[in-house]
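New to this one? Here's a friendly walk through it, a strand at a time and then a few rings.

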Amino acid sequence: MGSSKIAPAENPDVPKTRLLPHGFDKCQIMLDLATRPICMTRFLRAVVLLFCLSGCFRQTPEPIPSPAASGELVVLVRATAAEFGQAEMSSLLAFESDLVRAFAQSLNLRVKFVRVNNFEAVAESLGTFQAHMAIGMVTTDWPAKVRFSIPLKKLHYTLVQHEGKKSDGSNTTLAARTLGVLPGSAAAYRAENLTRDQPTLAVLHASRVRDEMQLLRAVAVGKLDMALTDELHYKLASRFYPTLQKFRELPEPTQWVWAFPPGPANEFLPEADAFIERARNNGLISRLLDRHLNLEDGPSEEDIAVFIERMSLILPDYREEFFAAERETGIDWRLIAAIAYQESHWDPLATSPTGVRGMMMLTEETADRLNVPDRLNPRQAIAGGARYFASLRENLPDDIPEPDRSWLALASYNIGPGHMNGVIAIARSMGRDVGSWMEMKRVLPLMSRQEYAARLKAGAPRGGEAVTMAENVRTYYEILRHFQKPYASFIGPRNRAFAFEQPPRTTGLAKPVAKPQVEQKPEPAVPAIPKSLSPKLDDLDPEAAERVRERMNIGHGLNAQ
């Protein structure tokens, strides 16, 4: 027998393999290659050619219809399911969603949001015309081949680290540091450019991190050395993680923009540019930024750090009372808890020189109207305060929308509904938009002036104090939303069904149905370090963890101010 291999005889019972529409059958080619006497080099070349050909014949998806044809604007949103399409929408995403809805409304279009997970998916979807635009872009040098609108806002990139990294003064340069970035982002591109001047700087593409907030949290707990992000995300994250510290701001500015498909013939890019220009000039962008972000006002960094500590130490003891208040009024328990913290630092025995008492700081007259026999009873006080806030919000004029309606109700909680009605009347006479909290928080401090106070029946209110109170509550509420789950997440299906079969909610000042008295809880013992924080402290470097322990052991009692 010779050494040559003989091809197997063709079996007439086995049907021949049909060719693909393009004339290629992968299985047949591989069978021929495996049974034909062929050298290894030719075999490998054939395999490479096969896969190249298969890639060439991959079908490109058809572009989606134009908005003019469908009446729908398809918008890409880089977000996780927990952030988009639910009530727990992040502040930046809420801002851009409202802005793009206003853009679509100006064109008489509906909006369809499509969630994508990363920057690569944004580039691919726009490049194949599977969407009309994308929001949430911070870039001037993103390498993807897309087109950008004029900027919504000019920003700077910020290098962020943990506050403990600079304690010994050794980490003052980028030499030998590791910089975390989101893969495929403009920040990742900018970080690679930094390595030209700092060859020992290592750039880590954090593939397991889903967004900027999670990236910065990894820095806050010591799992990442540094991160590169934009200044807006840094400001937001520093509220939730006070241990974050700005290392350096890059001098070259970047831009907050919308992205559009490539090519010169994009019918909506000029429309978007014109809309953004109008929104900047008429104050729409500023109002929406203030509505959803509130970056300029609120408590100090130190106050926020104390609040986060007490959130872990004290809040769990009163969570059930806040749940009960949400069941009765429908108000998010975390908003009620934020009001309670601003009023009393969650101290059920708090008393002011003016006679307001309890966790919600109710006056005796208000407590009587709300059927709160004991203002020092946490359950009674929290329920009464929630009913009071609900009534204030409900009785505001109908033309004040949410969430501005709630922020105005917070100011009313401070100065009283009589004063607030007078302030709203004066604001209207001044030509101010009473439906905008941004406008009203500029009007309220003016009420201390004699020319305005004389027009109020109850005299001059403490308008500036009311604004401070509302802005602080807004910040505390945002922090609670970040760390604490909504009420529905704490209850099972049976309890959830029961919760929504309650009698009609009491939102006015009428006396509610009497409930059994609940014994007042004794003052809870406060552990030095809550168990829930122990893993996070273990993530920090030893010096930073020790400072946190020292800070948590000082002034965290119920009566601390």
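## A covered strand

Let's start with strand β5, which spans residues 153-162 and is mostly covered, with seven of its ten residues buried. Keep in mind that you're looking at a predicted model.

Strand β5 has company. It pairs with strand β9 (residues 244-260) in the antiparallel sense, over nine bridges. To find a spot where they meet, look for Val160, whose bridge partner in β9 is Lys246. Strand β8, residues 226-230, also runs antiparallel to β5, and five bridges join the two. Here you can pick out Gln161, which has Met226 as its bridge partner in β8.

As a bit of background, side chains in a regular strand alternate between the two faces of the sheet.

## The whole protein

Now zoom out. The protein's secondary structure adds up to 23 helices and nine strands. It has 561 residues, and 47% of them count as buried.

What about the contacts? Taking those in the protein with a separation of 6 or more, 72% are between residues 24 or more positions apart. As for the outside, the protein exposes about 28,700 Å², and 53% of that comes from carbon and sulfur atoms.

## Rings meeting rings

There are 15 aromatic pairs in the structure. One of them is Phe323 with Trp333, an edge-to-face pair at 5.2 Å centre to centre, with 90 degrees between the planes. Phe323 belongs to helix α12 (residues 319-329) and Trp333 to helix α13 (residues 333-344), so this pair ties together parts that are ten residues apart in sequence. Phe323 and Trp333 are both buried.

Tyr341 and Trp346 make another pair: their ring centres are 4.8 Å apart and their planes sit at 65 degrees, so this one is edge-to-face too. Are these two residues buried or exposed? Tyr341 counts as buried, at 2% relative accessibility, and Trp346 counts as buried as well, at 0%. Both also belong to a cluster, in which ring pairs link Phe307, Tyr341, Trp346 and Tyr476.

## Arginines over rings

Two more spots to look up involve an arginine and a ring. Arg177 lies over the face of Phe247, 5.6 Å from the ring centre. Over at Tyr477, the residue lying over the ring face is Arg481, at 5.6 Å from the ring centre.

Terms used: Residues are numbered from 1 along each chain as its sequence is written. This is a predicted model: local features need pLDDT of at least 70, side-chain atom pairs count only at pLDDT 80 or more; totals for chains, interfaces and linings use all residues. Side-chain values use heavy atoms; hydrogens and water are left out. Buried means under 20% relative accessible area, exposed over 50%, partly exposed in between (1.4 Å probe, protein chains only). Helices (H or I, at least four residues) and strands (E, at least two) are DSSP runs, numbered from the N terminus. Two strands pair if DSSP finds at least two bridges between them. Contact means heavy atoms within 4.5 Å. Accessible areas come from the Shrake-Rupley method with a 1.4 Å probe; for residues, only the protein chains shown count as cover. Rings of Phe, Tyr and Trp (its six-membered ring) pair if their centres lie within 6.5 Å; planes under 30 degrees apart count as stacked, over 60 as edge-to-face and the rest as tilted. A charge sits over a ring if NZ of Lys or CZ of Arg is within 6 Å of the ring centre and within 35 degrees of the ring normal.
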